[in-house]
There are 2 protein chains.
Amino acid sequence: MSKYTTLYQHGTLALLVPGLLEGTITMGQLLKRGDTGIGTGEGLDGELIILDGKPYQVNSKGKITVVSDKFKLPFANAHFARYSPLAELENVEQDDLNKQMLALSRAENTFFSLKVTGTFADIKTRAVVKSEPPYSTLAETARKQSIFTRDQIDGTLISYYSPQLFNGAAVGGFHHHFMSDDRKFGGHVLDFRLVKGEVSYQLFDTLEQHLPVDNKAYMEHDFEKDDIEGSIQASE
Amino acid sequence: MSKYTTLYQHGTLALLVPGLLEGTITMGQLLKRGDTGIGTGEGLDGELIILDGKPYQVNSKGKITVVSDKFKLPFANAHFARYSPLAELENVEQDDLNKQMLALSRAENTFFSLKVTGTFADIKTRAVVKSEPPYSTLAETARKQSIFTRDQIDGTLISYYSPQLFNGAAVGGFHHHFMSDDRKFGGHVLDFRLVKGEVSYQLFDTLEQHLPVDNKAYMEHDFEKDDIEGSIQASE
């Protein structure tokens, strides 16, 4: 297992669905698994993006802060960045970019990350309002999300692609988070148009899937009743 | 990631379904990931079980050999054994043992391994006939399996349990392989009754899922058309 070909994942998308939102890894622990990543805080406390080892949180008011090593997360991805150039693009919508990059990377059946830097237009992000125990379901919590938009903004998009086979454990397909160059705008990406930018990618041959086995609520939950796929599609 | 809490998996159950049966890891490489494990050979060449670092193959004639480091596999699991005692059992059918151990381990939502040593009755195993390229589907190949039975036999059963969320990547639920103490009987387990034996278990917090990214056939395959779950249920 090479350092640069491994994607680390703590928790699963599926555990968010019934509201198992207790933080089960600290940011300090996560940063040992990578200098680049995405995630969400305990109780779905905002959207996280790690760039060059620095963990930014976009909260439900759109405020951006660098979180401490003690910050806890129920779900996160991280890897050590070593991206290779893939394409230079102009005037591309999100769906079109996803399709083009999937075709170009020829990596539909493995995990990979995209990094897109440039100017974005009509970018729409969201961040969820932190909930407190007893936690409600992902669908319920996601209804209380804030939506943010910007028309012209320079920044970086970090994306993870997971094969459809792993939908439920991860988000099947692409999962984008964004941070502006001025560190004043970001979040979980719902839509965008790339005005002009560079796309680089990093292919993984290994998913290191870590599960919160010390968390009683997770270990004792009956997942059979949860509509994992439906809920992920509605919320992500 | 601790050595003893990680389950290594090379390939996915899903890739066997359409017949992507080329060997993409050698036994030498696999043994670096564990001293205990299960797997199948290239072209579904028999059923493998690794005990104390020794890799045994049961072929379609029931013959058992220790394979070399160069032996290739399309799919395998391995881990470093550090089992803890879980139960002493008498006169238990397979389904009942599975249910009891799931309840006792309280580990339904993570990966774990069982090791059962003792006397088995009415044990039924199978081994598949090796196929050559162009490979046919798993369902097609599995129809050509040999079935072996023994009434009273001492041996070791190695089992991996995977949460249902990972069905398709792995076998959701239990996946048992067997080897007799005299090393003359074994294979993929279809049925058994444990006359008297000891069950020990080992819990994993991490699945290290390795994918054959250098294999063109795997990377270019369109999995959308495959009935992964149906085929696994019929064949495993």
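**Entry 1: a strand residue**

Is Asn91(A) buried or exposed? I looked it up: Asn91(A) counts as exposed, at 55% relative accessibility. My cut-offs are under 20% relative accessible area for buried, over 50% for exposed and partly exposed in between, with a 1.4 Å probe and protein chains only. Asn91(A) sits in strand S9 (residues 84-93) of chain A, and its phi is positive, about 55 degrees, although it is not a glycine. Helices (H or I, at least four residues) and strands (E, at least two) are DSSP runs, numbered from the N terminus.

A note on conventions: I am working with a predicted model, where local features need pLDDT of at least 70, side-chain atom pairs count only at pLDDT 80 or more, and totals for chains, interfaces and linings use all residues. Residues are numbered from 1 along each chain as its sequence is written, chains are lettered from A and ligands numbered from 1 in the order in which they are written, and side-chain values use heavy atoms, with hydrogens and water left out.

**Entry 2: other backbone oddities**

Most residues other than glycine have a negative phi, and most peptide bonds are trans. I therefore listed the exceptions, guided by that general pattern. Leu44(A) has a positive phi near 60 degrees and is not a glycine. I found Leu44(A) in the loop between strand S3 (36-40) and strand S4 (47-51) of chain A, and at 4% relative accessibility it counts as buried.

For the peptide bonds, I noted that Pro133(A) to Pro134(A) is cis, with omega near -5 degrees. Pro134(A) belongs to the loop between strand S10 (112-128) and helix H4 (138-142) of chain A. In chain B, Pro133(B) and Pro134(B) are also joined by a cis peptide bond, omega being about -5 degrees, and Pro134(B) lies in the loop between S10 and H4 of that chain.

**Entry 3: two helices of chain B**

I took helix H3 (residues 94-105) of chain B next. Its twelve residues reach 16 Å from first C-alpha to last, close to the 16 Å expected at 1.5 Å a residue; the expected span is 1.5 Å times one less than the number of residues. Gln94(B), Leu97(B), Asn98(B), Met101(B) and Ser105(B) are the buried residues of H3(B). Down the axis of H3(B) they fall within an arc of 100 degrees, so they line one face of the helix; the arc is that of the directions from the helix axis to the C-beta atoms. The face turned away from this buried side carries the exposed Asp95(B), Lys99(B) and Ala103(B). Strands S9 (84-93), S10 (112-128), S12 (173-180) and S13 (186-203) of chain B are among what covers the buried residues, contact meaning heavy atoms within 4.5 Å. Just after H3(B), I met Arg106(B) with a positive phi of about 50 degrees.

Helix H6 (residues 228-235) of chain B has Ile228(B), Ser231(B), Ile232(B) and Ser235(B) as its buried residues. Their arc is only 100 degrees around the axis, which puts them on the same side of H6(B). I found Glu229(B), Gln233(B) and Ala234(B) exposed on the other side. The cover over the buried residues of H6(B) includes helix H1 (13-16), S10 and helix H4 (138-142) of chain B.

**Entry 4: how the chains meet**

I laid chain B on chain A: the RMSD is 0.0 Å, after a turn of 180 degrees and a shift of 0.0 Å along the axis, with copies superposed by least squares on the C-alpha atoms of residues with pLDDT of at least 70 in both. That is the relation of a two-fold axis. Glu208(B) has the C-alpha of chain B nearest the axis, 2.3 Å from it.

The contact takes 28 residues from chain B and 28 residues from chain A. Chain B and chain A bury about 2,400 Å² between them, 59% of it on carbon and sulfur atoms; buried area is the accessible area (1.4 Å probe) that two parts lose on being put together, summed over both. Asn109(B), Leu165(B) and Met219(B) supply 26% of the area that chain B buries against chain A, more than any other three residues.

**Entry 5: salt bridges**

My rule is a side-chain nitrogen of Lys or Arg within 4 Å of a carboxyl oxygen of Asp or Glu. The count is twelve over all chains, but zero between chain B and chain A. One of them joins Glu208(A) and Arg33(A), at 3.3 Å, N to O.
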